[in-house]
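Work through the exercises below with the sequence and the model side by side. Try each task before reading the solution that follows it.

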Amino acid sequence: MARVVPVSFLPWLTTLYVTGLVGVAMLALIQSLQPSADVHAQQTPILNLGSLLPGEPQTRRYKDSALVFLRLTDAQIETIRSSGPTSALTDPVARNRNLAPDAPATLDNRTVDWNGPVFVFDGRCDSFQPMPLYEAGARSGWFCMRNAAHFDILGRYHKGRALQNLAIPKFEVDATGGVYLTEDPPRITQAQLDRILYGK
């Protein structure tokens with residue numbers, strides 16, 4: 001049986017409904033007027049590559065993530081070049097958002113050239129996980145303690161529970177060496193959240 005709303009409540013309900021619609025419209029307008037992630041990212045460089053010393057990583061916070069920058073030493077470059085073909089890697093894909101999704105995980109595809117190769121990556125082992133340890137693990141590259149994942153110096157996966165290479169975000173480098181992130185860092189997915197909360 002349908003419920004009859006007293007007539008005295010109708011003006012109040014109508015006012016509440018209209019107020020909600022106006023609120024939603026105002027929220028949408030405010031969000032549309034805010035600068036995009038690209039505009040925020042282009043305002044100031046996150047770091048200048050000229051400040052990097054070989055073999056000494058630098059970290060910069062960016063929103064809810066952290067970016068790690070490493071200028072490779074000659075010894076690190078030689079180790080990578082002598083490590084064999086990318087087809088022998090557990091994850092042979094570059095995982096570089098600046099390149100095609102199927103680009104191989106070569107030295108050139110995992111670094112940016114600024115007076116020598118510089119490795120730039122999203123410094124989380126996984127969502128909500130701490131940053132990897134430098135010069136650690138089975139490959140003397142990067143090591144994530146929480147998932148016992150080992151990576152070489154280019155962040156290429158070797159063993160553990162990570163299953164893929166460390167992610168490289170989309171960024172640009174200007175003529176002076178300033179690095180600008182051109183999109184927001186990847187957010188946590190529902191599958192990652194389920195794995196963290198429920199162990200799925």
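**Exercise 1. A glycine in a strand**

Task: Find the element that holds Gly-141, decide whether Gly-141 is buried or exposed, and list the residues that Gly-141 touches beyond its sequence neighbours.

Solution: Begin by placing the residue, which belongs to strand S7, and keep in mind throughout that the model is a predicted one. Next comes accessibility: the relative value for Gly-141 is 0%, and because buried means under 20%, Gly-141 counts as buried. When residues up to four places away in sequence are set aside, Gly-141 touches Leu-133, Tyr-134, Glu-135 and Ala-136, and also Phe-151, Asp-152 and Ile-153. As a last step, compare sequence with space: Gln-76 is 65 residues from Gly-141 along the chain, yet their C-alpha atoms are 9.3 Å apart.

**Exercise 2. The chain as a whole**

Task: State how many helices and strands the chain has, what percentage of its residues count as buried, and what share of contacts with a separation of 6 or more joins residues 24 or more positions apart.

Solution: Counting the elements gives 5 helices and 11 strands. The chain has 200 residues, and 37% of them count as buried. Turning to contacts with a separation of 6 or more, 50% are between residues 24 or more positions apart. A pair that is distant in sequence can serve as a further illustration: Ser-65, in strand S3, and Asp-122 are 57 residues apart in sequence, while 7.1 Å lies between their C-alpha atoms. Ser-65 itself counts as buried, with a relative accessibility of 1%.

**Exercise 3. A sheet built around S11**

Task: Work out the order of the strands in the open sheet that contains S11, and explain why one side of S1 and of S10 is left without a neighbour.

Solution: Take the pairings in turn. Strand S1, residues 47-48, runs antiparallel to S11 and is joined to it by 2 bridges; here Asn-48 has Gly-178 as its bridge partner, and Leu-47 stands opposite Val-179. Strand S10, residues 171-173, also pairs with S11 in the antiparallel sense, over 3 bridges, and within this pairing Val-173 has Val-179 as its bridge partner. Putting the pairings together gives an open sheet of 3 strands in the order S1-S11-S10. S1 and S10 therefore stand at the edges, where each has a single partner strand and so has one side without a neighbour in the sheet.

The connection between S10 and S11 is a hairpin with 4 residues between the strands, and in this hairpin Gly-177 takes a positive phi near 95°. To finish, look at the two faces of S11, remembering that side chains in a regular strand alternate between the faces of the sheet. Gly-178 and Tyr-180 lie on one side of S11 and Val-179 and Leu-181 on the other, and all of these are buried, which leaves both faces covered.

**Exercise 4. Positive phi outside glycine**

Task: Locate Ser-140 and Leu-163, and state the phi of Ser-140 and of Leu-163.

Solution: Start from the general expectation that most residues other than glycine have a negative phi. Ser-140, in the loop between strands S6 and S7, has instead a positive phi near 50°. Leu-163, in the loop between strands S9 and S10, likewise has a positive phi, near 75°. Leu-163 also counts as exposed, because its relative accessibility is 62% and the cut-off for exposed is over 50%.

**Exercise 5. Core and pocket**

Task: Identify the residues with the most contacts inside the largest nonpolar core, then describe the lining of the second largest pocket by class.

Solution: The largest nonpolar core has 31 residues, and Leu-49, Phe-69 and Trp-142 have the most contacts inside it. Elements that each supply at least two residues of this core include S3, H3, S5 and S11. Following Phe-69 beyond its neighbours within four places, one finds contacts that include Leu-47, Leu-49, Phe-119 and Val-179.

The second largest pocket has a volume of about 310 Å³. Its lining has 17 residues, with Ile-80, Ser-83, Arg-139, Asp-152 and Arg-156 nearest the centre. H3 and S9 are the elements that give two or more residues to this lining, and H3 gives the largest share, 3 residues. Sorted by class, the lining has 6 nonpolar, 7 polar and 4 charged residues.

Key:
Residues numbered from 1 in each chain as written. Predicted model: local features only at pLDDT ≥ 70, side-chain atom pairs only at ≥ 80, totals over all residues. Heavy atoms only, no water. Buried < 20%, exposed > 50% of the residue type's maximum accessible area, 1.4 Å probe, protein only. Pairing = 2+ DSSP bridges. 1 Å grid on protein atoms, 1.4 Å probe; cavity = no way out; pocket = protein on both sides within 12 Å on 5 of 7 lines; lining within 4 Å. Points joined across faces, edges and corners; volume = space filled by probe spheres on them. Nonpolar A, V, L, I, M, F, W, Y, C, P; charged D, E, K, R; others polar. Core = buried A, V, L, I, M, F, W, Y, C linked by side-chain atoms within 4.5 Å. Contact = heavy atoms within 4.5 Å.
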